[in-house]
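Me: Please take a close look at a single part of the structure shown here. I would like a connected account of that part and of what lies around it.

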Amino acid sequence: MIVLKNGKKVFPDELETVINRLDEVLECIVYGIPDKKDKNDIKLSVKVVYDKDVVQEKYPNITPEELETVIWQKIKEINKTFPPYKYIKNMILTDKELIKTTTKKVKRNEEIKNLLEN
């Protein structure tokens, strides 16, 4: 659970479930990062792992920048289905799998630690 400055609670899995329904998305993780304008506030972000096979099939000659634009537009559409405080404001796109346990659960803490260090 992510608690925002205004006290509102955001459950990452609620957003991840919807984003993971996109054809191009293999998996994703929603996390909060400190807002640059207000250190006491948190900005929702997502790391999206895209499905190389689906992307190759649907968009044979797409550049990484164009793919990022396509997926970001779809996430902005998803944002419209949630209240504004749940809007995702930032996206990282990758083709590298998320860090997982042996039981295939995402290691949220490790993944977020890596994201905040970069």
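Reply: In this predicted model, strand E3 is mostly covered, with seven of its ten residues buried. E3 spans residues 25–34, and its partner is E4, to which nine bridges join it in an antiparallel arrangement. Two of the residue pairs can be named. Pro 34 has Ile 42 of E4 as its bridge partner, and Tyr 31 is matched with Ser 45 of E4.

E4, which covers residues 42–50, is likewise mostly covered: seven of its nine residues are buried. Besides its antiparallel pairing with E3, E4 pairs with E5 in the parallel sense, over five bridges. One of the partnerships here is that of Val 49 with Thr 94 in E5. E4 thus has bridges both to E3 and to E5.

The side chains of these strands lead to the nonpolar core. The largest such core has 22 residues, and those with the most contacts inside it are Ile 19, Val 46, Val 48 and Ile 71. E3, E4 and E5 (90–94) each give two or more residues to this core, as do helix H1 (12–19) and helix H3 (64–79). In soluble globular proteins, nonpolar side chains tend to be buried together.

Val 46 shows how these parts meet. Beyond residues up to four places away in sequence, Val 46 touches Cys 28, Ile 29, Val 30 and Tyr 31, among others. The contacts of Val 46 also include Ile 19 and Ile 75, together with Ile 88, Asn 90, Met 91 and Ile 92. As for the aromatic rings of the model, the count of aromatic pairs comes to zero. One ring does have a charge placed over it: Lys 8 lies over the face of Tyr 85, at 5.2 Å from the ring centre.

H1 also belongs to the surroundings of E3. The buried residues of H1 include Pro 12, Leu 15, Glu 16 and Ile 19. They lie on the same side of H1, because the arc that they cover around the axis is only 100 degrees. Among the elements that cover the buried residues of H1 are E3 and E4, along with strand E1 (2–3), strand E2 (9–10), H3 and H4.

From H1 the picture extends to the loop between H3 and E5, where Lys 86 is found. Lys 86 is buried, because its relative accessible area of 9% is under the cut-off of 20%. Apart from residues up to four places away in sequence, Lys 86 touches Glu 14 and Leu 15, as well as Lys 9, Val 10, Leu 44 and Asn 79. The C-alpha atoms of Lys 86 and Pro 12 are separated by 9.4 Å, although these residues are 74 places apart along the chain.

Asn 79, one of the contacts of Lys 86, has its place in helix H3 and counts as buried at 6% relative accessibility. With residues up to four places away in sequence set aside, Asn 79 touches Lys 86, Tyr 87 and Ile 88. Its C-alpha atom is separated by 27 Å from that of Lys 100, 21 residues apart along the chain.

Lys 74 also lies in helix H3. At a relative accessible area of 25%, Lys 74 is partly exposed. Its contacts, leaving aside neighbours within four places in sequence, are Leu 22, Glu 24, Lys 58 and Tyr 59. For Lys 74 and Leu 22, 52 residues apart along the chain, the separation of the C-alpha atoms is 8.1 Å.

The loop between E5 and helix H4 (108–117) offers exposed residues, including Lys 105. Lys 105 has a relative accessibility of 57% and therefore counts as exposed, the cut-off being over 50%. Beyond residues up to four places away in sequence, Lys 105 touches Ile 99 and Lys 100. Lys 104, in the loop between E5 and H4, is exposed as well, at 65% relative accessibility. Phi of Lys 104 is near 70 degrees, a positive value in a residue other than glycine.

To return to the part examined: E3 has seven of its ten residues buried, is joined to E4 by nine bridges, and gives two or more residues to the largest nonpolar core.

Technical notes: Residues are numbered from 1 along each chain as its sequence is written. This is a predicted model: local features need pLDDT of at least 70, side-chain atom pairs count only at pLDDT 80 or more; totals for chains, interfaces and linings use all residues. Side-chain values use heavy atoms; hydrogens and water are left out. A nonpolar core is a set of buried Ala, Val, Leu, Ile, Met, Phe, Trp, Tyr and Cys residues joined through side-chain atoms within 4.5 Å. Buried means under 20% relative accessible area, exposed over 50%, partly exposed in between (1.4 Å probe, protein chains only). Helices (H or I, at least four residues) and strands (E, at least two) are DSSP runs, numbered from the N terminus. Contact means heavy atoms within 4.5 Å. Rings of Phe, Tyr and Trp (its six-membered ring) pair if their centres lie within 6.5 Å; planes under 30 degrees apart count as stacked, over 60 as edge-to-face and the rest as tilted. A charge sits over a ring if NZ of Lys or CZ of Arg is within 6 Å of the ring centre and within 35 degrees of the ring normal. Two strands pair if DSSP finds at least two bridges between them. The arc is that of the directions from the helix axis to the C-beta atoms.
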